[in-house]
Amino acid sequence: MTSFNLAWGTHFRILDILIDVTRKMVEGELMQLDMNGSLDITEEQHMDISIRKTAYLFSACSKWVES
């Protein structure tokens, strides 16, 4: 059984969290691919990519969901 199937049967809030974090992580990955090899990347852009690809994932894993 997939995590989506488990979440669907458990609570819609979990799906909202999964959808939101997946979107943010994909955005971060696309930003990284777009800037790959660029020497003009700013510290702010680098941090934005890191936050989207890592921090949002950890944040989603730690969210409390009412049962």
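**Figure 1. Three helices and zero strands: the whole chain at a glance.** This is a predicted model, so keep that in mind for every panel below. Reading from the N terminus, the elements go α-α-α. Of the 67 residues in the protein chain, 15% are buried. The chain exposes about 5400 Å², and carbon and sulfur atoms supply 59% of that area. Take the contacts between residues at least 6 apart in sequence: 56% of them join residues at least 24 apart. The structure also holds six salt bridges, and some of those get their own panels here.

**Figure 2. Asp-20 and Arg-23, a salt bridge inside helix H2.** The closest N and O atoms of Asp-20 and Arg-23 sit 2.9 Å apart. Both residues belong to helix H2, where they are three residues apart, or about one turn of the helix. How exposed is Asp-20? Asp-20 is partly exposed, with a relative accessible area of 29%. Arg-23 is also partly exposed, at 42% relative accessibility. As a reminder of the basic chemistry, side chains of opposite charge can pair when their charged atoms come close.

**Figure 3. Arg-52 meets Glu-27 across two helices.** The side chains of Arg-52 and Glu-27 form a salt bridge, 2.5 Å from N to O. Arg-52 lies in helix H3 (residues 43-61) and Glu-27 in helix H2, so this pair ties together parts that are 25 residues apart in sequence. Is Arg-52 buried or exposed? Arg-52 is buried, because its relative accessible area is 19% and the cut-off for buried is under 20%. Glu-27, at 27% relative accessibility, counts as partly exposed.

**Figure 4. Asp-48 is another salt-bridge partner of Arg-52.** In this pair the closest N and O atoms are 3.2 Å apart. Asp-48 and Arg-52 are four residues apart in helix H3, which means about one helical turn separates them. Asp-48 is partly exposed, with a relative accessible area of 28%. Now zoom out a little: which residues do salt bridges with shared partners join into one network? The members are Asp-20, Arg-23, Lys-24, Glu-27, Asp-48 and Arg-52.

**Figure 5. What surrounds Arg-52 in helix H3.** Here the view stays on Arg-52 but swaps salt bridges for contacts in general. Which residues does Arg-52 contact, leaving aside its neighbours within four places in sequence? The list is Lys-24, Met-25, Glu-27, Gly-28 and Met-31. Glu-27 in that list is also the salt-bridge partner of Arg-52 from Figure 3.

**Figure 6. Lys-24, a buried lysine in helix H2.** Lys-24 has a relative accessible area of 18%, so it counts as buried. Its side chain makes a polar contact of 3.1 Å with the side chain of Asp-20. Not counting residues up to four places away in sequence, Lys-24 touches Arg-52 and Tyr-56. Lys-24 also belongs to the salt-bridge network that includes Asp-20 and Arg-52.

**Figure 7. Leu-18 and Ala-60, far apart in sequence and 7.5 Å apart in space.** The two residues are 42 places apart along the chain, and the distance quoted runs from C-alpha to C-alpha. Leu-18 is found in helix H2. How exposed is Leu-18? Leu-18 counts as partly exposed, at 23% relative accessibility.

**Figure 8. A nonpolar surface patch made by Val-26, Leu-30 and Leu-33.** The patch covers about 290 Å². One of its members, Leu-33, is in helix H2 (residues 12-35). Is Leu-33 buried or exposed? Leu-33 is exposed, with a relative accessible area of 55%.

How values were computed
Residues numbered from 1 in each chain as written. Predicted model: local features only at pLDDT ≥ 70, side-chain atom pairs only at ≥ 80, totals over all residues. Heavy atoms only, no water. Patch = residues over 30% accessible without salt bridge, like charges linked within 9 Å, V, L, I, M, F, W, Y side chains within 5 Å. Areas by Shrake-Rupley, 256 points an atom, 1.4 Å probe, with all protein chains shown as cover. Salt bridge = Lys/Arg side-chain N within 4 Å of Asp/Glu carboxyl O. Buried < 20%, exposed > 50% of the residue type's maximum accessible area, 1.4 Å probe, protein only. Contact = heavy atoms within 4.5 Å. Polar contact = N/O pair within 3.5 Å; in protein donor to acceptor, adjacent residues only side chain to side chain.
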